[in-house]
Amino acid sequence: MESSQLESILKGRSSQPHLLIEVLQDVQECCGYVPEDAMRRISEILGVPLIEVYRVASFYKAFKLTPSGKNIITMCMGTACHVRGAQLLADQASGHLKVEPGEMTEDGLFSIEHVNCLGACALGPIVTENASSHHHVTPSKLRKLIDKLRSEEEGGACNA
Ligand code: FES
């Protein structure tokens, strides 16, 4: 995050600790996550102890503390999806992309996230990528989906 962006977000909010969540939301929206240096600056300007800024930023799932990949693979790990093989899919995604949930691939193209329920339990296991939802996902479908996304990123033909 460029410091001018952060200063713009903080402008007019000096010494107003009650604006912490609002400021964190603005940083998240601007940057895609809340960087550590931004938390330090927010602490200074709002007059909120750094530990409190970190506590709030790490408590709410809406805030990310690390950058996300360009493509976010969200895997439902709720009960209905779990009994239909979500853990197998999660293991496969981590193995295929070589990242754990919450991490980003080295090339910055992918992140994996786990959620508890996406609200379509009867169609599980559910996986979403970016704004698209996929139901009754199998290991084969998941691999093809990831390969297709990677191929699109590389400008090549679809492998699916
Ligand atoms: S448990 Fe997966 S959609 Fe509800």
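Q: In which sense do strand 1 and strand 2 pair, and over how many bridges?
A: In this predicted model, strand 1 covers residues 71-76, while strand 2 covers residues 110-115. One of the bridges can be placed on named residues, since Ile72 has Ser111 of strand 2 as its bridge partner. Taken as a whole, the pairing of strand 1 with strand 2 is in the parallel sense, over 6 bridges.

Q: Which strands stand at the edges of the sheet, each with a single partner strand?
A: The sheet is open and has 4 strands in the order 2-1-3-4, with mixed pairing. Because each edge strand has a single partner, one side of each is left without a neighbour in the sheet. The strands at the edges are strand 2 (110-115) and strand 4 (132-134).

Q: Which helix packs on the sheet, and what angle does its direction make with that of strand 1?
A: From one strand of the sheet to the next, the twist averages 20°. The helix that packs on this sheet touches strand 1, strand 2, strand 3 (127-129) and strand 4. This is helix 7, residues 139-153, and its direction makes with that of strand 1 an angle of about 170°.

Q: Why are Glu152 and Lys148 separated by about one helical turn?
A: The side chains of Glu152 and Lys148 meet in a salt bridge, at 3.1 Å from N to O. Glu152 is partly exposed, with a relative accessible area of 42%, and Lys148 is also partly exposed, with 27%. The separation of about one helical turn follows because both residues lie in helix 7, where they are 4 residues apart.

Q: Which residues are joined into one network by salt bridges that share partners?
A: The structure holds 10 salt bridges. Where such bridges share partners, they join residues into one network, made up of Glu7, Arg41 and Glu44.

Q: Is Arg13 buried or exposed?
A: Arg13 forms a salt bridge with Glu22, whose closest N and O atoms are 2.9 Å apart, and Glu22 is partly exposed at 36% relative accessibility. For Arg13 the relative accessibility is 14%, and because the limit for buried is under 20%, Arg13 counts as buried.

Q: How many residues apart are Asp26 and Arg13?
A: Asp26 forms a salt bridge with Arg13, with the closest N and O atoms 2.8 Å apart. This pair links distant parts of the chain, for Asp26 is in helix 2 (residues 20-31), whereas Arg13 is in the loop between helix 1 (3-10) and helix 2. Asp26 is partly exposed, with a relative accessible area of 26%. Along the chain, the separation of Asp26 and Arg13 is 13 residues.

Q: Which residues make the nonpolar surface patch of about 310 Å²?
A: One member of the patch is Phe59, placed in helix 4 (residues 50-59). Because its relative accessibility is 59%, Phe59 counts as exposed. The nonpolar patch is made by Phe59 together with Ile21 and Tyr60.

Q: How many helices and strands does the chain have?
A: From the N terminus on, the elements run α-α-α-α-β-α-α-β-β-β-α. The C-alpha atoms of the chain fill a box of roughly 55 × 35 × 20 Å along the principal axes, and 37% of the 160 residues count as buried. In secondary structure, the chain comes to 7 helices and 4 strands.

Definitions and conventions:
Residues are numbered from 1 along each chain as its sequence is written. This is a predicted model: local features need pLDDT of at least 70, side-chain atom pairs count only at pLDDT 80 or more; totals for chains, interfaces and linings use all residues. Side-chain values use heavy atoms; hydrogens and water are left out. Patches are made of residues with over 30% relative accessible area and no salt bridge: like charges are joined within 9 Å, nonpolar side chains (Val, Leu, Ile, Met, Phe, Trp, Tyr) within 5 Å. Accessible areas come from the Shrake-Rupley method with a 1.4 Å probe; for residues, only the protein chains shown count as cover. A salt bridge is a side-chain nitrogen of Lys or Arg within 4 Å of a carboxyl oxygen of Asp or Glu. Helices (H or I, at least four residues) and strands (E, at least two) are DSSP runs, numbered from the N terminus. Buried means under 20% relative accessible area, exposed over 50%, partly exposed in between (1.4 Å probe, protein chains only). Two strands pair if DSSP finds at least two bridges between them. Axes are lines fitted to C-alpha atoms, for helices over the stretch in contact, and angles run from 0 to 180 degrees between N-to-C directions. Contact means heavy atoms within 4.5 Å.
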